[in-house]
Amino acid sequence: MKRKHVILIVDDTPSNLQVLGDLLELEGHDVLLASNSYEGLEKARMSPAPDLILLDVMMPGMDGYEVCRQLKSAVDTKDIPVVFITGMSDKSNEEKGLKLGAVDYIHKPFSLSLVSARVRNQLDLQSHRNHLTNLVEQRTAELAALNAELEQRVADEVEKSIQKDHLMFQQARLAAMGELLSNIAHQWRQPLNHLGLAIQTLPMDFEDGDLDGHKLKQFVDDTMGILDHLSQTIDEFRNFFAIEHSRTKFDPCLMTEKTISLVRAGFEQLGISVILVKQGSKPIMGYGDEFSQVVINLLTNAKDILLERHIRKPMIEVRCYCEDNITCVAVRDNGGGIREEILAKIFDPYFTTKFSSQGTGIALYMAKMIIEKHMGGSCTASNTTDGAEFVIKLPCPTFD
């Protein structure tokens, strides 16, 4: 049997509570009523949490904006959709509410059919968001389980050199895949939010008589632009993990820029700035997908250090430049550097300073092996004044 949705209505006007409560109960929802802000916050924190909150703006003691702010700042209630009910028509008030995290506005005097449609739209959107979240979590769990299995296999076969290299390479690719999945999730959230907001404006425009042919075409164009962006992220993810069977000509700087674009959103979500400085590069012969994996490994290593050490204003700078006939890519962070006593060991297989649940100790080893064995270059590490720097150097052949 399908679970009923739970809707919380917070309003200091008894007649509004009665009318909205009766409407939503007739439509098959479970309804919670709160006649003031404090009671509303208490019921929003109940378990299970409401699926949707209809929140009056103007209430004594604590207004709806402050209630929304507190809801969105708490882990248990931040994902509950909030729809404001207000008699104010000032656009600045709507903007204030949307910036606080509300998903929609219902203006008084309200139409019951419009309230019903808005509630149904928000519940449908929340259902889709939950489905996508569960799907990502399921896929992440599957990858984590597979990654754990491969770790065990690598540990068992560490003495067999041929199998060891093969298994470790696959494991590193899975780790990079997990990192990119997380970043793609970050990249999708904002476009999905824009798409949801755009869809929600259609009933309002229709009711107001503003939904003419021009506005409808603009809506379709904007929506298709968002969908094209989402499709492009999937193509970039697929291309990143396409196995290359032969060496090809590619520009390390352009490949680095492309790789950074795949992870930038996730890093910025964590408060980490990623800066790319392009000072020139030359094309090389090699495996572009393996080079991208090296860049991912170095960026992830820097990110983990910055988060572990709680660096204020964390930053990663990636610099591409040429020295004679050598293309160089340097990844520098401001995480405090590498301890001198372990600096010589960081490229050793299975060496890690993290807990066993946080790292396998093969990412840097794989990066060095790919650059030196597969591409004939070098990968070194050193300390700067405020962090660590990894430098990749790749020889540039002469092309006819």
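The expected span of a helix is taken as 1.5 Å times one less than its number of residues. In the predicted model described here, helix α10 comprises 12 residues, 363–374, and extends 16 Å from its first C-alpha to its last, close to the 16 Å expected at 1.5 Å a residue. The buried positions of α10 are L364, Y365, M366, A367, M369, I370 and I371. In an α-helix there are 3.6 residues a turn, so residues three or four places apart point the same way. Just after α10, the backbone at G376 adopts a positive phi of about 65 degrees. K368 lies over the face of F347, with a distance of 4.7 Å from the ring centre. A further arrangement of a charge over a ring involves R319, which is placed over the face of Y321 at 4.2 Å from the ring centre.

Aromatic contacts were examined next. A search of the whole structure returns 4 aromatic pairs. One of these is formed by Y65 and F84, whose geometry is edge-to-face, with 5.4 Å from centre to centre and 70 degrees between the planes. Because Y65 belongs to helix α3 (residues 64–73) and F84 to strand β4 (residues 82–86), this pair ties together parts that are 19 residues apart in sequence. Both Y65 and F84 are buried.

F84 also pairs with Y105 in a tilted geometry, the centres being 5.4 Å apart and the planes inclined at 45 degrees. This second contact links distant parts of the chain, since F84 is located in strand β4 and Y105 in strand β5 (residues 104–107), 21 residues apart. Y105 is buried, as is F84. Taken together, Y65, F84 and Y105 constitute one aromatic cluster.

Y105 also has a charged neighbour. Apart from residues up to four places away in sequence, E94 touches Y105 and H107. E94 is part of helix α4, which covers residues 91–100. Although E94 is buried, no salt bridge is found for this residue, and K91, the nearest side chain of opposite charge, is 4.4 Å away. A salt bridge requires a side-chain nitrogen of Lys or Arg within 4 Å of a carboxyl oxygen of Asp or Glu, and the 4.4 Å between E94 and K91 therefore does not qualify.

Technical notes:
Residues numbered from 1 in each chain as written. Predicted model: local features only at pLDDT ≥ 70, side-chain atom pairs only at ≥ 80, totals over all residues. Heavy atoms only, no water. Helix = DSSP H or I, 4+ residues; strand = E, 2+ residues; numbered from the N terminus. Buried < 20%, exposed > 50% of the residue type's maximum accessible area, 1.4 Å probe, protein only. Lys, Arg positive; Asp, Glu negative; His and termini not counted. Contact = heavy atoms within 4.5 Å. Phe/Tyr/Trp six-rings, centres within 6.5 Å; stacked < 30°, edge-to-face > 60°. Lys NZ or Arg CZ within 6 Å of the ring centre and 35° of its normal.
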